[in-house]
Amino acid sequence: MSSQANAGTFILGDRVVNRMGYGAMQLAGPGVFGPPRDRKAAIAVLGAAVEAGVNHIDTSDFYGPHVTNQIIREALHPYGDDLVIVTKVGAVRGEDASWQPAQSAEDLTRAVHDNLRNLGLDRLEVVNLRLMGDIFAPKEGSLAEPFSALAALREQGLIRHLGLSNATAAQVAEAQTIAPVVCVQNHYNLVHRKDDALIDALASQAVAYVPFFPLGGFSPIQSEALSRVAADIGATPLQVALAWLLARSPNLLLIPGTSNLRHLSENLAAAELELSDDVRVRLDAIV
(Lines give C-alpha, C1' and ligand atoms only; values in the text may rest on other atoms or scores of the structure.)
Protein backbone atom coordinates (compact mmCIF):
# COMPACT_ATOMS: atom_id res chain seq x y z
CA MET A 1 0.00 0.00 0.00
CA SER A 2 1.20 3.49 -0.79
CA SER A 3 1.72 6.46 1.45
CA GLN A 4 -0.92 9.17 1.20
CA ALA A 5 1.57 11.98 1.81
CA ASN A 6 1.96 12.92 -1.87
CA ALA A 7 -1.78 13.53 -2.24
CA GLY A 8 -1.71 16.23 0.43
CA THR A 9 -4.42 17.14 2.91
CA PHE A 10 -7.40 19.46 3.11
CA ILE A 11 -9.82 20.64 5.77
CA LEU A 12 -13.16 18.84 5.92
CA GLY A 13 -15.27 20.71 8.41
CA ASP A 14 -12.68 21.32 11.09
CA ARG A 15 -10.74 18.10 10.53
CA VAL A 16 -7.64 17.60 8.41
CA VAL A 17 -8.04 14.63 6.09
CA ASN A 18 -5.84 13.02 3.49
CA ARG A 19 -7.10 13.91 0.02
CA MET A 20 -7.17 10.28 -1.09
CA GLY A 21 -10.12 8.74 0.74
CA TYR A 22 -12.36 5.74 0.21
CA GLY A 23 -15.96 5.34 -0.94
CA ALA A 24 -17.84 2.44 0.65
CA MET A 25 -20.64 2.09 -1.92
CA GLN A 26 -19.15 -0.99 -3.58
CA LEU A 27 -19.07 -2.89 -0.29
CA ALA A 28 -22.78 -3.67 -0.72
CA GLY A 29 -24.11 -6.28 -3.11
CA PRO A 30 -24.68 -5.88 -6.87
CA GLY A 31 -26.44 -2.63 -7.68
CA VAL A 32 -25.53 -1.34 -4.20
CA PHE A 33 -28.30 -3.57 -2.87
CA GLY A 34 -28.20 -6.42 -0.39
CA PRO A 35 -25.16 -8.01 1.25
CA PRO A 36 -21.76 -8.37 -0.39
CA ARG A 37 -20.72 -11.59 -2.00
CA ASP A 38 -17.79 -11.83 0.45
CA ARG A 39 -18.23 -9.98 3.74
CA LYS A 40 -14.77 -10.94 5.01
CA ALA A 41 -13.21 -9.43 1.88
CA ALA A 42 -15.17 -6.21 2.42
CA ILE A 43 -13.92 -6.01 6.01
CA ALA A 44 -10.36 -6.65 4.83
CA VAL A 45 -10.54 -3.82 2.27
CA LEU A 46 -11.66 -1.33 4.92
CA GLY A 47 -8.89 -2.39 7.27
CA ALA A 48 -6.29 -2.12 4.53
CA ALA A 49 -7.51 1.32 3.50
CA VAL A 50 -7.21 2.73 7.01
CA GLU A 51 -3.84 1.02 7.52
CA ALA A 52 -2.61 2.71 4.33
CA GLY A 53 -3.50 6.15 5.68
CA VAL A 54 -7.07 6.69 4.48
CA ASN A 55 -8.86 8.78 7.10
CA HIS A 56 -11.92 9.90 5.10
CA ILE A 57 -14.58 7.30 4.35
CA ASP A 58 -17.76 8.11 2.44
CA THR A 59 -20.86 6.03 3.04
CA SER A 60 -24.65 6.10 3.42
CA ASP A 61 -27.20 4.05 5.26
CA PHE A 62 -29.16 3.69 2.01
CA TYR A 63 -26.28 1.66 0.57
CA GLY A 64 -27.59 -1.86 0.96
CA PRO A 65 -29.61 -0.45 2.73
CA HIS A 66 -27.74 -0.47 6.07
CA VAL A 67 -25.15 -2.92 4.74
CA THR A 68 -22.10 -0.69 4.27
CA ASN A 69 -22.52 1.11 7.59
CA GLN A 70 -22.79 -2.19 9.43
CA ILE A 71 -19.67 -3.48 7.70
CA ILE A 72 -17.79 -0.27 8.52
CA ARG A 73 -18.74 -0.65 12.18
CA GLU A 74 -17.71 -4.31 12.23
CA ALA A 75 -14.38 -3.58 10.56
CA LEU A 76 -13.30 -0.35 12.23
CA HIS A 77 -15.21 0.34 15.45
CA PRO A 78 -14.01 1.77 17.82
CA TYR A 79 -12.86 4.34 15.29
CA GLY A 80 -9.47 6.02 15.31
CA ASP A 81 -9.42 9.65 16.42
CA ASP A 82 -8.35 10.84 12.97
CA LEU A 83 -11.02 8.93 10.99
CA VAL A 84 -13.76 11.07 9.44
CA ILE A 85 -16.84 9.18 8.29
CA VAL A 86 -19.10 11.16 5.96
CA THR A 87 -22.59 9.92 5.28
CA LYS A 88 -25.54 11.12 3.24
CA VAL A 89 -29.31 11.17 3.66
CA GLY A 90 -32.24 12.02 1.43
CA ALA A 91 -33.12 8.70 -0.21
CA VAL A 92 -34.35 5.22 0.60
CA ARG A 93 -34.25 1.98 -1.36
CA GLY A 94 -37.36 0.26 -2.61
CA GLU A 95 -37.80 -3.50 -2.41
CA ASP A 96 -37.00 -3.55 -6.13
CA ALA A 97 -33.66 -1.79 -5.41
CA SER A 98 -35.00 1.52 -6.74
CA TRP A 99 -33.71 4.84 -5.40
CA GLN A 100 -36.55 6.87 -3.93
CA PRO A 101 -36.53 10.43 -2.51
CA ALA A 102 -36.93 10.70 1.28
CA GLN A 103 -36.59 14.39 2.05
CA SER A 104 -39.24 15.23 4.64
CA ALA A 105 -38.14 16.26 8.13
CA GLU A 106 -39.41 12.91 9.40
CA ASP A 107 -37.52 10.99 6.71
CA LEU A 108 -34.29 12.85 7.40
CA THR A 109 -34.55 12.47 11.17
CA ARG A 110 -35.09 8.73 10.75
CA ALA A 111 -32.13 8.51 8.39
CA VAL A 112 -29.80 10.33 10.78
CA HIS A 113 -30.75 7.97 13.61
CA ASP A 114 -30.30 4.96 11.30
CA ASN A 115 -26.79 6.15 10.46
CA LEU A 116 -25.97 6.76 14.13
CA ARG A 117 -27.18 3.31 15.12
CA ASN A 118 -25.57 1.33 12.32
CA LEU A 119 -22.24 3.16 12.53
CA GLY A 120 -22.21 3.00 16.33
CA LEU A 121 -21.82 6.76 16.82
CA ASP A 122 -23.32 9.37 19.13
CA ARG A 123 -22.82 12.14 16.57
CA LEU A 124 -22.22 12.11 12.82
CA GLU A 125 -19.18 14.08 11.67
CA VAL A 126 -20.54 15.18 8.29
CA VAL A 127 -23.97 14.57 6.77
CA ASN A 128 -24.62 15.39 3.12
CA LEU A 129 -28.14 16.13 1.95
CA ARG A 130 -28.43 14.01 -1.17
CA LEU A 131 -30.69 15.88 -3.57
CA MET A 132 -32.30 13.42 -5.95
CA GLY A 133 -32.62 15.68 -9.02
CA ASP A 134 -32.27 13.41 -12.03
CA ILE A 135 -30.62 10.73 -9.85
CA PHE A 136 -27.05 11.33 -11.06
CA ALA A 137 -27.43 14.95 -12.19
CA PRO A 138 -28.62 17.95 -10.18
CA LYS A 139 -31.86 19.77 -10.88
CA GLU A 140 -32.72 23.29 -9.81
CA GLY A 141 -35.19 23.80 -6.98
CA SER A 142 -35.27 25.07 -3.43
CA LEU A 143 -33.66 22.90 -0.76
CA ALA A 144 -34.69 25.16 2.13
CA GLU A 145 -37.09 22.68 3.74
CA PRO A 146 -34.88 19.57 3.87
CA PHE A 147 -31.66 21.44 4.56
CA SER A 148 -33.33 23.38 7.38
CA ALA A 149 -34.43 20.05 8.87
CA LEU A 150 -30.82 18.86 8.88
CA ALA A 151 -29.68 22.19 10.31
CA ALA A 152 -32.10 21.63 13.21
CA LEU A 153 -30.59 18.18 13.83
CA ARG A 154 -27.18 19.82 13.80
CA GLU A 155 -28.35 22.27 16.45
CA GLN A 156 -29.47 19.29 18.53
CA GLY A 157 -25.91 17.95 18.47
CA LEU A 158 -26.58 14.87 16.32
CA ILE A 159 -24.48 16.22 13.43
CA ARG A 160 -21.28 18.27 13.48
CA HIS A 161 -21.17 19.51 9.89
CA LEU A 162 -23.41 19.60 6.84
CA GLY A 163 -22.75 19.16 3.15
CA LEU A 164 -24.62 18.67 -0.11
CA SER A 165 -24.65 16.00 -2.79
CA ASN A 166 -25.95 16.31 -6.36
CA ALA A 167 -26.46 20.07 -5.98
CA THR A 168 -26.35 23.06 -8.30
CA ALA A 169 -24.35 26.20 -7.58
CA ALA A 170 -27.59 28.02 -6.76
CA GLN A 171 -28.56 25.33 -4.28
CA VAL A 172 -25.16 25.55 -2.62
CA ALA A 173 -25.62 29.29 -2.25
CA GLU A 174 -29.12 28.83 -0.81
CA ALA A 175 -27.90 26.23 1.68
CA GLN A 176 -25.16 28.57 2.86
CA THR A 177 -27.80 31.08 3.95
CA ILE A 178 -29.24 28.39 6.26
CA ALA A 179 -26.13 26.73 7.74
CA PRO A 180 -22.43 26.34 6.91
CA VAL A 181 -21.66 23.92 4.07
CA VAL A 182 -18.33 22.12 4.47
CA CYS A 183 -18.40 19.97 1.33
CA VAL A 184 -20.18 19.41 -1.96
CA GLN A 185 -20.30 15.95 -3.50
CA ASN A 186 -21.20 15.96 -7.20
CA HIS A 187 -20.57 13.94 -10.34
CA TYR A 188 -17.19 14.99 -11.73
CA ASN A 189 -14.27 13.25 -13.39
CA LEU A 190 -11.83 13.55 -16.28
CA VAL A 191 -14.57 13.33 -18.91
CA HIS A 192 -17.46 14.88 -16.99
CA ARG A 193 -16.52 18.45 -16.06
CA LYS A 194 -19.72 20.44 -15.75
CA ASP A 195 -18.75 21.61 -12.26
CA ASP A 196 -15.50 23.37 -13.16
CA ALA A 197 -16.79 26.81 -12.13
CA LEU A 198 -18.32 25.45 -8.90
CA ILE A 199 -15.06 23.74 -7.95
CA ASP A 200 -13.14 26.98 -8.35
CA ALA A 201 -15.76 28.95 -6.39
CA LEU A 202 -15.67 26.47 -3.53
CA ALA A 203 -11.87 26.46 -3.52
CA SER A 204 -11.93 30.22 -2.97
CA GLN A 205 -14.10 29.58 0.11
CA ALA A 206 -11.94 26.69 1.38
CA VAL A 207 -14.90 24.31 0.94
CA ALA A 208 -14.15 20.71 -0.04
CA TYR A 209 -15.44 19.30 -3.31
CA VAL A 210 -15.81 15.51 -3.39
CA PRO A 211 -16.34 14.07 -6.89
CA PHE A 212 -18.52 11.01 -6.99
CA PHE A 213 -17.92 8.57 -9.83
CA PRO A 214 -14.27 9.77 -10.02
CA LEU A 215 -13.52 6.81 -12.27
CA GLY A 216 -16.80 6.86 -14.18
CA GLY A 217 -19.01 4.96 -11.75
CA PHE A 218 -20.91 1.99 -13.13
CA SER A 219 -19.26 2.56 -16.55
CA PRO A 220 -15.51 3.13 -15.97
CA ILE A 221 -13.84 5.86 -18.00
CA GLN A 222 -12.60 4.63 -21.38
CA SER A 223 -10.52 6.82 -23.66
CA GLU A 224 -7.82 6.01 -26.18
CA ALA A 225 -6.07 9.28 -25.32
CA LEU A 226 -6.13 8.42 -21.62
CA SER A 227 -4.75 4.95 -22.33
CA ARG A 228 -1.90 6.44 -24.37
CA VAL A 229 -0.97 8.83 -21.58
CA ALA A 230 -1.07 6.01 -19.05
CA ALA A 231 1.20 3.84 -21.19
CA ASP A 232 3.64 6.70 -21.62
CA ILE A 233 4.03 7.29 -17.88
CA GLY A 234 3.83 3.66 -16.74
CA ALA A 235 0.51 3.76 -14.93
CA THR A 236 -2.99 2.43 -15.43
CA PRO A 237 -5.62 4.66 -17.08
CA LEU A 238 -7.68 4.84 -13.90
CA GLN A 239 -4.63 5.80 -11.84
CA VAL A 240 -4.00 8.65 -14.26
CA ALA A 241 -7.65 9.73 -14.00
CA LEU A 242 -7.32 9.90 -10.21
CA ALA A 243 -4.01 11.74 -10.40
CA TRP A 244 -5.60 14.29 -12.74
CA LEU A 245 -8.31 14.95 -10.16
CA LEU A 246 -5.72 15.46 -7.42
CA ALA A 247 -3.93 17.95 -9.66
CA ARG A 248 -7.15 19.72 -10.67
CA SER A 249 -7.65 21.72 -7.45
CA PRO A 250 -6.40 21.40 -3.86
CA ASN A 251 -9.95 21.27 -2.47
CA LEU A 252 -10.79 18.02 -4.28
CA LEU A 253 -11.11 15.02 -1.95
CA LEU A 254 -11.21 11.67 -3.73
CA ILE A 255 -13.32 8.68 -2.66
CA PRO A 256 -12.69 5.91 -5.20
CA GLY A 257 -14.42 2.74 -4.11
CA THR A 258 -13.64 -0.92 -4.52
CA SER A 259 -14.24 -4.23 -2.80
CA ASN A 260 -10.94 -5.64 -4.07
CA LEU A 261 -7.60 -5.33 -2.25
CA ARG A 262 -5.58 -5.15 -5.47
CA HIS A 263 -7.77 -2.38 -6.86
CA LEU A 264 -7.51 -0.53 -3.55
CA SER A 265 -3.73 -0.65 -3.77
CA GLU A 266 -3.81 0.60 -7.36
CA ASN A 267 -6.16 3.45 -6.48
CA LEU A 268 -4.06 4.60 -3.54
CA ALA A 269 -0.89 4.42 -5.63
CA ALA A 270 -2.32 7.18 -7.84
CA ALA A 271 -1.34 9.57 -5.04
CA GLU A 272 2.30 8.97 -5.98
CA LEU A 273 1.88 9.99 -9.63
CA GLU A 274 3.24 13.40 -10.55
CA LEU A 275 1.80 14.64 -13.81
CA SER A 276 4.01 16.91 -15.90
CA ASP A 277 2.60 20.06 -17.46
CA ASP A 278 2.65 18.35 -20.85
CA VAL A 279 0.71 15.36 -19.56
CA ARG A 280 -1.86 17.60 -17.92
CA VAL A 281 -2.36 19.48 -21.20
CA ARG A 282 -2.96 16.18 -22.98
CA LEU A 283 -5.44 15.07 -20.31
CA ASP A 284 -7.24 18.42 -20.26
CA ALA A 285 -7.81 18.03 -24.00
CA ILE A 286 -9.68 14.74 -23.59
CA VAL A 287 -12.97 16.39 -22.67
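The accessible surface of this protein comes to about 12,200 Å², and 51% of that area belongs to carbon and sulfur atoms. The model is a predicted one, so please read what follows in that light. Here is a friendly tour, from the whole chain down to a handful of loop residues.

**The protein as a whole**

- The secondary structure amounts to 10 helices and 11 strands.
- A compact globule of 287 residues would be expected to have a radius of gyration near 19 Å, and the 18 Å of this protein agrees with that.
- Along its principal axes, the C-alpha trace spans about 55 × 40 × 35 Å.
- Buried residues make up 53% of the 287 in the protein.
- If you take the contacts between residues at least 6 apart in sequence, 75% of them join residues at least 24 apart.
- The protein carries 22 positive and 31 negative charges, and the mean positions of these two sets are 2 Å apart.

**Helix 4 and its neighbours**

- Helix 4 covers residues 144–155, and its 12 residues should span 16 Å at 1.5 Å a residue; the end C-alpha atoms are indeed 16 Å apart, in agreement.
- The buried residues of this helix are Pro146, Phe147, Ala149, Leu150, Ala151 and Leu153.
- In an α-helix there are 3.6 residues a turn, so residues three or four places apart point the same way.
- The buried residues of helix 4 have both strands and helices as packing partners: strand 5 (84–89), strand 8 (124–130), strand 9 (159–165) and strand 10 (181–187), together with helix 3 (105–119) and helix 5 (169–176).
- After helix 4 comes glycine 157, with a positive phi near 90°.

**Backbone features worth a look**

- Most residues other than glycine have a negative phi, and most peptide bonds are trans.
- Against that background, glycine 64 and proline 65 are joined by a cis peptide bond, with omega about -5°. Proline 65 has its place in the loop between strand 4 (56–58) and helix 2 (67–76).
- Another cis peptide bond joins histidine 77 and proline 78, where omega is about 0°. Proline 78 sits in the loop that runs between helix 2 and strand 5.
- Alanine 97 is not a glycine, yet its phi is positive, at about 75°. Its loop lies between strand 6 (91–93) and strand 7 (99–101). With 23% relative accessibility, alanine 97 counts as partly exposed, because the buried class takes in values under 20%.
- Asparagine 166, also not a glycine, has a positive phi of about 65°. This residue belongs to the loop between strand 9 and helix 5. Asparagine 166 is buried, as its relative accessible area is 1%.

**Aspartate 134 and its distance to asparagine 166**

- Aspartate 134 is located in the loop between strand 8 and helix 4.
- Its relative accessible area is 49%, which makes aspartate 134 partly exposed; exposed would require over 50%.
- Aspartate 134 and asparagine 166 are 32 residues apart along the chain, and 9.0 Å separates their C-alpha atoms.

**Two buried loop glycines**

- Glycine 21 lies in the loop between strand 2 (15–18) and strand 3 (22–23). This glycine counts as buried, at 1% relative accessibility.
- Leaving aside residues up to four places away in sequence, glycine 21 touches Val54, His56, Leu254, Ile255 and Pro256.
- Between glycine 21 and histidine 161, which are 140 residues apart along the chain, the C-alpha separation is 18 Å.
- Glycine 94 is in the loop between strand 6 and strand 7, where alanine 97 is also found. The relative accessible area of glycine 94 is 8%, and this residue is therefore buried.
- Once residues up to four places away in sequence are set aside, glycine 94 touches Phe33 and Gln100.
- The C-alpha atoms of glycine 94 and phenylalanine 33 are separated by 9.8 Å, and the two residues are 61 apart along the chain.

Key: Residues are numbered from 1 along each chain as its sequence is written. This is a predicted model: local features need pLDDT of at least 70, side-chain atom pairs count only at pLDDT 80 or more; totals for chains, interfaces and linings use all residues. Side-chain values use heavy atoms; hydrogens and water are left out. Helices (H or I, at least four residues) and strands (E, at least two) are DSSP runs, numbered from the N terminus. The radius of gyration is taken over C-alpha atoms; the globule rule is 2.2 Å times the number of residues to the power 0.38. Buried means under 20% relative accessible area, exposed over 50%, partly exposed in between (1.4 Å probe, protein chains only). Contact means heavy atoms within 4.5 Å. Accessible areas come from the Shrake-Rupley method with a 1.4 Å probe; for residues, only the protein chains shown count as cover. Lys and Arg count as positive and Asp and Glu as negative; His and the chain ends are not counted. The place of a charge is taken as NZ of Lys, CZ of Arg, CG of Asp or CD of Glu. The expected span of a helix is 1.5 Å times one less than its number of residues.
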